[in-house]
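Reader: Please give me a close look at a single part of this model, the pocket lining, and then follow the elements that supply it outward into the rest of the fold.

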Amino acid sequence: ELEHATVVALIPDVRGKTVLDAGCGSGRYLHELGDRGARAIGMDLSPAMLERARSQTRRIARADIRALPFDGMTIDLVVCGLALGDVAELELALTEIARVLRPGGRAIYSVVHPAGEAAGWSRTFESDGRKLAIDGFWHSLNQHRQACRAAGLTIEDWREPELQGQRVVLVVRARTNRT
């Protein structure tokens with residue numbers, strides 16, 4: 001809930017804009033973006049997640065965030081909630097996101113806070129009564145800064161919301177340097 005509220009607070013006016021939810025999962029941001037008047041596109045690698053996201057929009061693509069199936073400079077905003085922790089190549093993923101952004105376009109992304117690695121956190125969920133763990137990659141705060149810079153993204157906002165005194169998520173809003 002904290003991650004969602006923080007990301008939503010950073011979304012600019014998207015009425016009539018083309019917005020990509022990269023790593024859309026079940027479509028929780030697609031719903032929000034559609035309500036705000038965006039032409040929302042959902043993209044995920046998981047067919048099961050895309051099937052769930054279809055209830056939010058018919059504009060769905062199955063793809064890897066490191067190789068987006070969109071022409072360059074065609075997207076106004078990319079939202080990427082908790083998906084970049086699934087890829088080892090943070091810089092490659094952010095470079096792809098920057099590639100599809102129109103001049104002045106923005107990316108808003110979130111990850112489980114890197115402090116979780118030292119705290120021994122794991123990403124788990126329950127399905128059919130079983131507890132399952134998801135493998136992931138911990139990228140340091142400095143790696144996020146460097147990857148944004150290398151991708152041609154200027155960080156506009158950087159938030160590290162806390163829950164009970166512990167930083168739990170990192171949320172970044174960045175703008176493409178292209179004009």
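Author: Let's begin with how elements are named: helices (H or I, at least four residues) and strands (E, at least two) are DSSP runs, numbered from the N terminus. This is a predicted model, where local features need pLDDT of at least 70 and side-chain atom pairs count only at pLDDT 80 or more, while totals for chains, interfaces and linings use all residues. Residues are numbered from 1 along each chain as its sequence is written, and side-chain values use heavy atoms, leaving out hydrogens and water.

Now to the pocket. The largest one has a volume of about 890 Å³. Here a pocket is an open set of points on a 1 Å grid over the protein atoms alone, where a 1.4 Å probe fits, with protein on both sides within 12 Å along at least five of seven lines; lining residues have an atom within 4 Å of a point. Points are joined across faces, edges and corners, and the volume is the space filled by probe spheres set on them. The lining of this pocket counts 30 residues, of which Asp44, Leu82, Asp86, Arg123 and Ile134 come closest to its centre. Five elements each give two or more residues to the lining: α2, β2, α3, β5 and β6 (123–127). Of these, β6 supplies the largest share, with three residues.

So let's look at β6. Its antiparallel partner is β7 (residues 130–134), and five bridges link the two. Two strands count as paired if DSSP finds at least two bridges between them. Serine 127 has arginine 130 of β7 as its bridge partner. The two strands make a hairpin with two residues between them, and in that turn aspartate 128 has a positive phi of about 50°. One of the residues closest to the pocket centre, Arg123, belongs to β6, which covers residues 123–127, and another, Ile134, belongs to β7, which covers residues 130–134.

Leucine 82, also among the residues closest to the centre, sits in the loop between β4 and α4. Its phi is positive, about 60°, although it is not a glycine. At 33% relative accessibility, leucine 82 counts as partly exposed; buried means under 20% relative accessible area, exposed over 50%, and partly exposed in between (1.4 Å probe, protein chains only).

The strand before that loop, β4, makes a nice contrast. Seven of its seven residues are buried, so β4 is largely enclosed by the rest of the structure. It runs parallel to β1, joined by three bridges, with valine 19 paired to leucine 77 of β4. It also runs parallel to β5, this time with six bridges, and valine 79 stands opposite isoleucine 108 of β5. At the other end, in the loop between β3 and β4, lies methionine 73. Methionine 73 is another residue other than glycine with a positive phi, near 55°, and at 43% relative accessibility it counts as partly exposed.

From here, turn to α2 (residues 28–35), another contributor to the lining. Its buried residues include Tyr29, Leu30 and Leu33. The elements that cover the buried residues of α2 include α1 (2–10), β1 (18–22), β2 (39–44), α3 (47–53), β3 (60–62) and β4 (75–81). Contact means heavy atoms within 4.5 Å. Just after α2, glycine 37 has a positive phi of about 90°.

What does cysteine 24 touch? This residue, in the loop between β1 and α2, touches Leu30, Gly42, Met43, Asp44, Leu50 and Ala53, leaving aside residues up to four places away in sequence. One of these contacts, Asp44, takes us back to the residues closest to the pocket centre. Cysteine 24 itself counts as buried, at 5% relative accessibility.

Helix α1 helps to cover α2, and the reverse holds too: the buried residues of α1 are covered by elements including α2, β4, β5, β8 and β11. Those buried residues are Glu3, Thr6, Val7, Val8 and Leu10.

A last stop is α6 (residues 141–151), where Leu141, His144, Ala147, Cys148 and Ala151 are buried. Their cover includes α4 (90–100), β5 (101–112), β8 (153–159), β10 (166–167) and β11 (169–176). As with α2, a glycine of positive phi follows: glycine 152, at about 85°. Strand β5 is thus a helpful thread to follow by eye: it gives residues to the pocket lining, pairs with β4 and helps to cover α6.
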